[in-house]
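Student: Before I trust any labels, can we go through what each one rests on?
Tutor: Sure, have a look first.

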Amino acid sequence: MLVLRSSPASPFGRKVKIAAALLGLSDRIEVTVADTLDPNEPLRRQNPLGKIPTLVLESGETLFDSRVIVDYLDALAGGGGVIPTSGEARFKALRLQALADGLMDAALMGVYETRFRPEGMRVPAWLDHQAGKVERALAALEADHATPGGPITIGEIAVACALGYLDLRFAGRWREAHPRLVAWLQDFEARVPAFDKTRPPA
Ligand SMILES: N[C@@H](CCC(=O)N[C@@H](CS)C(=O)NCC(=O)O)C(=O)O
């Protein structure tokens, strides 16, 4: 059995869970919750960065981060399941994943800034800098990647998880200005039941 260290709210963990479901590997993965703030968490030995998701293999070896884990699972399932093996399709998918991951990183940075810094210590210019990344990424996705019915690669999975994270932490405010993306996410949800199954509790 593979063990995935994650948490229900982690958008990066959700990406791995959805990829595993589409690859038919969910039954081979046990998900255990890791508290990234607990200094005694084995996670800190499993991944020196103390980040989730981290995958523990049967040999005890560990893999991180989410991109490496998905690459591993894709190969385990025979290759080409969610990461196209070559050509333009491969780099389109990986670039889309990088854009969505960057959106999640920037959104997470905004959340951590308000979670960990007391009110008077926050730097509005830094929060704006992160918010700008989120806004530009959403605009790019709205313009270029919001066509329902296309192939589902790790790029689309990551976009769906990024939008789901904005729904969870930023009250879905992205929806109003991005109607094509809203329709795209609706189509994704209908085609990928694992999206609903991995929805974090409100
Ligand atoms: N690049 C990493 C990002 C993972 C990440 O930022 N995870 C967050 C939770 S969603 C985390 O572990 N935060 C705790 C920390 O940074 O200490 C990936 O793709 O897996």
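Tutor: A polar contact is a pair of N or O atoms within 3.5 Å; within protein, one must be able to donate a hydrogen and the other to accept it, and residues adjacent in sequence count only if both atoms are side-chain atoms. This is a predicted model, where local features need pLDDT of at least 70, side-chain atom pairs count only at pLDDT 80 or more, and totals for chains, interfaces and linings use all residues. Residues are numbered from 1 along each chain as its sequence is written, and side-chain values use heavy atoms, leaving out hydrogens and water.

Student: What makes the pair between Ile 52 and the ligand a polar contact?
Tutor: A backbone N or O atom of Ile 52 sits 2.7 Å from a ligand nitrogen, so the pair falls within the cut-off.

Student: Which distance puts the side chain of Asp 65 in that class?
Tutor: An N or O atom there is 2.9 Å from a nitrogen atom of the ligand. For Ser 66, a polar side-chain atom lies 2.6 Å from a ligand oxygen.

Student: Why are β1 and β3 called paired?
Tutor: Pairing takes at least two bridges found by DSSP between two strands. Three bridges join β1 (residues 2–6) to β3 (residues 54–56), so they pair. The two run antiparallel, and Leu 4 stands opposite Leu 55 in β3.

Student: How do you know that α5 has close to its expected span?
Tutor: The expected span is 1.5 Å times one less than the number of residues. Helix α5 (124–144) has 21 residues and reaches 30 Å from first to last C-alpha, close to the 30 Å expected.

Methods
Helices (H or I, at least four residues) and strands (E, at least two) are DSSP runs, numbered from the N terminus.
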